[in-house]
Amino acid sequence: MPAPENSLKARLSNGENTTGLWLSMANSYTAELAGYIGFDWLMIDGEHAPNDLRTIMEQLQVLRNSASPVAVRPPIGEVYLIKQLLDMGAQSLLIPMVESGAQAEMLVKAVRYPPRGIRGVGAGSARATSFGTIDNYTATADDQICLMLQIETRAGVASLDAIASTEGVDCVFIGPSDLSADMGYPGNPYAPEVLAVIEDAIKRIRAHGKAAGVFMTDQTHAKRFRDLGANMIAIGSDVAVLVGGLKALKQAYA
């Protein structure tokens, strides 16, 4: 039996447009709820949300039968952490703060088994192999891992072509908040100078044949980026949806 097919990887590789939701509440109950809505994908955030390995695993468990494929963003692209996330069953990873082609190459190796990579071989008793019942996992897992790298700084933008041209990278994802701060516009991801960099980045990423992603909750800009080629757009987060709904409810009875 081979490793499970990664439907997110397949859709991105086919150039399909997708939109998804950030899961930042670090809670399996709300993650399960989001899994019933029908987003193209869900992203468990381990960078800015208070998630750890156990809460990430719990969310992967409750979303196992969801029609929405699930990705995970770790707090940092460390090899040991990537290994743990893959062994617990994550098939799609978004690595933050990637700034060079060399870093991209290292991350590709981190998600692949030897001889193509350096992923430790020890998933035989882990959740990724359904606890040893997927007997052909090690030989087939590499092709089902979706590796997404996040560019969030001027250094990352400067190395964009090297990153996007790296074999084994499936998607290059732009983070407007950090990028705008690094460019000198903290709190203003809609500054014309920032938008121009994002638009150019999307075009360059797609020119390399890779999926282009961006976090953009503003509908006008999200549609603009989609028209330019961005095909993995984060349109919101569970936290923001809850806060917005609560504010609207309170205001309705003010």
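The following paragraphs describe charged side-chain pairs and unusual backbone geometry in a predicted model.

Consider the charged pairs to begin with. Side chains of opposite charge can pair when their charged atoms come close. In this model, the count of salt bridges comes to 14. Three of these pairs are described here in turn.

The side chains of Arg11 and Asp40 form a salt bridge, with a distance of 3.2 Å from N to O. This pair links distant parts of the chain, for the two residues are 29 residues apart. Arg11 belongs to helix 1 (residues 7-13), whereas Asp40 sits in the loop between helix 2 (28-35) and strand 2 (41-45). Are these two residues buried or exposed? Arg11 has a relative accessibility of 25% and therefore counts as partly exposed. Asp40 has a relative accessible area of 21%, so this residue is also partly exposed, since the buried class is reserved for values under 20%. The pair does not stand alone: salt bridges that share partners join Arg11, Glu16 and Asp40 into one network.

A second salt bridge joins the side chains of Glu47 and Arg73, at 3.0 Å from N to O. Glu47 is located in the loop between strand 2 and helix 3 (53-62), and Arg73 in strand 3 (residues 70-73), so this contact ties together parts that are 26 residues apart in sequence. Arg73 is buried, because its relative accessible area is 5%, and a value under 20% meets the condition for that class.

The third pair lies within a single helix. The side chains of Arg204 and Asp200 meet in a salt bridge of 3.1 Å, N to O. Both residues belong to helix 10 (residues 192-207), and because they are 4 residues apart, about one helical turn separates them. Asp200 counts as partly exposed, with a relative accessibility of 37%.

Attention may now turn to the backbone. Where is the cis peptide bond from Pro114 to Pro115 placed? Pro115 lies in the loop between helix 5 (101-110) and helix 6 (137-140), and the peptide bond that leads to Pro115 from Pro114 has an omega near 10 degrees.

The loop between helix 5 and helix 6 also holds Ser130. Although Ser130 is not a glycine, this residue has a positive phi of about 50 degrees. Its relative accessible area is 23%, so Ser130 is partly exposed. Ala26 is likewise not a glycine and has a positive phi, of about 55 degrees. Ala26 is found in the loop between strand 1 (18-23) and helix 2.

Note on methods
Residues are numbered from 1 along each chain as its sequence is written. This is a predicted model: local features need pLDDT of at least 70, side-chain atom pairs count only at pLDDT 80 or more; totals for chains, interfaces and linings use all residues. Side-chain values use heavy atoms; hydrogens and water are left out. A salt bridge is a side-chain nitrogen of Lys or Arg within 4 Å of a carboxyl oxygen of Asp or Glu. Buried means under 20% relative accessible area, exposed over 50%, partly exposed in between (1.4 Å probe, protein chains only).
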